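Thanks for coming. I will go through one chain today, starting with a single residue and then moving on to the sheets and the charged pairs.

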Amino acid sequence: MAGRAVLFHHSGLCSIAPFSSICRPTIRLGPNPLRRLCRSVPPVLAAISTSICCRSSLQAEGADANPRKEEPFVVTTPLYYVNAPPHMGSAYTTIAADAIARFQRLLGKRVIFITGTDEHGEKISNAAEASGCSPRGHCDTVSSAYRILWKDLDIAYDKFIRTTDSRHERIVEEFYSRVFNNGDIYRANYEGLYCIGCEEYKDEKELLENKCCPMHVKPCVLRKEDNYFFALSKYQKVLEEFFTNNPDFVKPTFRSNEVQGWITGGLKDFSITRSSVEWGIPVPTDTKQTIYVWFDALLGYISALLDEGVHPSLEKAVVAGWPASLHLIGKDILRFHAVYWPAMLMSAGISPPKMVFGHGFLTKDGLKMGKSLGNTIDPKDLVDQFGPDAVRYFFLREVEFGNDGDYSNKRFININNAHLANTIGNLLNRTLGLLKKNCQSTLAVDSTFAEGNMFRDTVENLVKKAKINYENLSLSSACESILEIGNAGNLYMDERAPWSLFKRGGSSSEAAAKDLVLILEAMRIMAVALSPVAPGLCLRIYTQLGFTQDQFEAVTWTDTEWGGLKAGSVMAEPNPVFARIELRKEGEEMEEAAGKVTTVNKRKRNQGLVQA
Ligand code: MSP
């Protein structure tokens, strides 16, 4: 069968023309199937590697930087395994993706935020069996637990893909056939050590004692199978060039270096079917085998793009928004996303995603928090007690995006109390309190009066910094810049002491009324800028400033410009926007065991506080 020449276009579409120069691997059944089938890179692949478009800067994606408004910003989370309900580690990526999606929407971009569940494979079928359910029933239950959690956490996704969706299955079959027709799939025997937790064959060198997987700390099992392989080794040179031409494809940079090390160390073909696993999509050319769960799941990013009611085809899905602007993943699944996935896509004639960001792990006592180790924090417990804003703010502010971060109840409480309850909540409350007492809750002047005011300059500079930080995916620094506005507001309040100025009356009183407008304008700007991170809290702030929910929902990043508050506007009654988290007893030691939060139960206290 003839191979195919592929030409990549910026849109993610590709043209495919038959061509005969790609060497077709010989089918070999033997003890060492991983030997390179085709050592030399086909010339056409080498050529396309330089023509693949990979826009690396997310900054260039901003509406004001990119006039091609029709091109969507597509951000994805991993598709989560449904072997167990979600834990804080899975919630973390989704919270980050949601903040990034909300920021891009503020910039005016058409955003497609994709999340979903990964439902095939041995790990899932084992979990279903253990729970006494059919695989389908088990997947339905756990997948819906993810959706419920996303709702509780204020996650505004656009697409939720399940890999057991029949439309996704059609896409996987079509993709497999493309790769097969391109001569990149061959059959062989393989014997190796398999980690069911990772759903991956492991190199013995990377294992701990007793052949234990370092991630799951469980022994790998010896497997011998007759499978179909993807000829990854053919893409060695193309991938090397791709990384050279797209230095920002993998972020942070230190992870890109790691990936490039794997590539230059030599790429091995990998098996993409299973003869022993029934719970999967049958291989189109051999129904005795099912498609490997990773080969299947990665395609969820593309099938998720299909519009409702459209006949599923790769072309239709790709036109709807591929290539993805940003895949957000944890560092453990970097090889799949940054090496296997681009090569698979190249083989099928589809552009690679524009960027893969590998974040670190949430740890508990230094160990990766996870379902397998059972050391997880239940995000539902946290949300039920403290509301979504506290959970979202804490993890985005506390963990430098890209690095690991250890969870502690004490930190959770201290950070939220200090930042959300004190710096932001108290400032708003006392400003509105003074305005009520002295100005009938009415603004004396337009906030634009403050031309040349130093406090205003500080706010304007900080919000610019926040934007740059969001654009660079430095989410913690973005929070920090915004919180600095609150600190500056508190300082201004203390220095000006408007309560004394009001007492003096006359022009002092007028100056005090103006000071309150300045501080409230800064609070308004903070509410827009922090809305990607803590949308509920920011809505509560906005409505206290006299705006409606509809007005809040219509804000864009342009609303961070100084000058939104108008003379004569009436502010709402001061009402705490974030309830302080209190310990059960003064000074009581926090219990640090995973998942246990020994505080006064503030159930729903920080949710639904909108009183405007
Ligand atoms: N199903 C695959 C992904 C397929 S994507 C096409 C998978 N699922 S997973 O549920 O095991 O993990 C999903 C994501 O959660 C991964 O990015 C993983 O890194 C992340 N996390 C799981 N535990 C984590 C922490 N303790 N901390 C941060 N993220 C972690 O892999």
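**Contacts, sheets and salt bridges**

I begin with Thr 117, where a polar contact of 3.0 Å joins its side chain to that of Ser 143. Before going further, please keep in mind that this is a predicted model.

Thr 117 has a second polar contact to look at, with the side chain of Glu 119, at 2.6 Å. As for its place in the fold, Thr 117 belongs to strand S4, which covers residues 111-118. Is Thr 117 buried or exposed? Its relative accessible area is 0%, and the cut-off for buried is under 20%, so Thr 117 is buried. Which residues does Thr 117 touch, leaving aside those up to four places away in sequence? They are Leu 79, Tyr 80 and Val 82, then Ser 143 and Tyr 146, and then Phe 160, Ile 161, Arg 162 and Thr 163. Ser 143 therefore appears both in this list and as a polar partner, because its side chain is joined to that of Thr 117.

Now the strands. S6, residues 185-195, pairs with S8, residues 221-230, in the antiparallel sense, and there are 10 bridges between them. One residue pair to find on the display is Ile 185 with its bridge partner in S8, Phe 230. S8 also pairs with S10, residues 270-271, again antiparallel, over 2 bridges. In that pairing, Phe 229 is opposite Ser 271 of S10.

There are also two open sheets of 3 strands to show. In one of them the strand order is S11-S13-S12, and the pairing is antiparallel. S11 (273-274) and S12 (282-283) are the edge strands; each has a single partner strand, so each has one side with no neighbour in the sheet. S11 is joined to S13, residues 286-291, by 2 bridges, and the two run antiparallel. Thr 273 has Ile 291 of S13 opposite.

In the other sheet the order is S17-S16-S18, and here the pairing is mixed. S17 (367-368) and S18 are at the edges with a single partner strand each, so one side of each lacks a neighbour in the sheet. Between S16, residues 362-364, and S17 there are 2 bridges, and these strands run antiparallel. Thr 363 is the residue opposite Lys 368 of S17.

A brief stop at the surface. Which residues form a nonpolar patch there? Leu 208, Val 217, Leu 367 and Leu 373 do, and together they have about 330 Å² of accessible area. Of these I will place Leu 208, which is in the loop between S7 (200-202) and S8. Leu 208 has a relative accessibility of 44%, so it counts as partly exposed.

The last topic is charge. Side chains of opposite charge can pair when their charged atoms come close. How many salt bridges does the count come to? The count is 29. I will take three pairs and one network.

The pair Asp 404 and Lys 331 forms a salt bridge with an N to O distance of 3.0 Å. This pair links distant parts of the chain, 73 residues apart: Asp 404 is in the loop between H12 (379-398) and S18 (405-406), and Lys 331 is in the loop between S14 (326-330) and H11 (334-347). Asp 404 is partly exposed at 39% relative accessible area, and Lys 331 is partly exposed at 27%.

Next, Arg 411 and Glu 398 meet in a salt bridge at 2.7 Å, N to O. Arg 411 is in H13, residues 409-439, and Glu 398 is in H12, 13 residues apart. Both ends are partly exposed: Arg 411 has 40% relative accessibility, and Glu 398 has 24%.

The third pair is Arg 496 with Asp 515, whose closest N and O atoms are 2.7 Å apart. Arg 496 is in H15 (residues 475-496) and Asp 515 in H17 (residues 506-529), so this salt bridge ties together parts 19 residues apart in sequence. Is each end buried or partly exposed? Arg 496, at 34% relative accessibility, is partly exposed, whereas Asp 515, at 4%, is buried.

Finally, the network: salt bridges link Asp 98, Arg 102 and Arg 392.

How values were computed:
Residues numbered from 1 in each chain as written. Predicted model: local features only at pLDDT ≥ 70, side-chain atom pairs only at ≥ 80, totals over all residues. Heavy atoms only, no water. Helix = DSSP H or I, 4+ residues; strand = E, 2+ residues; numbered from the N terminus. Buried < 20%, exposed > 50% of the residue type's maximum accessible area, 1.4 Å probe, protein only. Polar contact = N/O pair within 3.5 Å; in protein donor to acceptor, adjacent residues only side chain to side chain. Contact = heavy atoms within 4.5 Å. Pairing = 2+ DSSP bridges. Patch = residues over 30% accessible without salt bridge, like charges linked within 9 Å, V, L, I, M, F, W, Y side chains within 5 Å. Areas by Shrake-Rupley, 256 points an atom, 1.4 Å probe, with all protein chains shown as cover. Salt bridge = Lys/Arg side-chain N within 4 Å of Asp/Glu carboxyl O.
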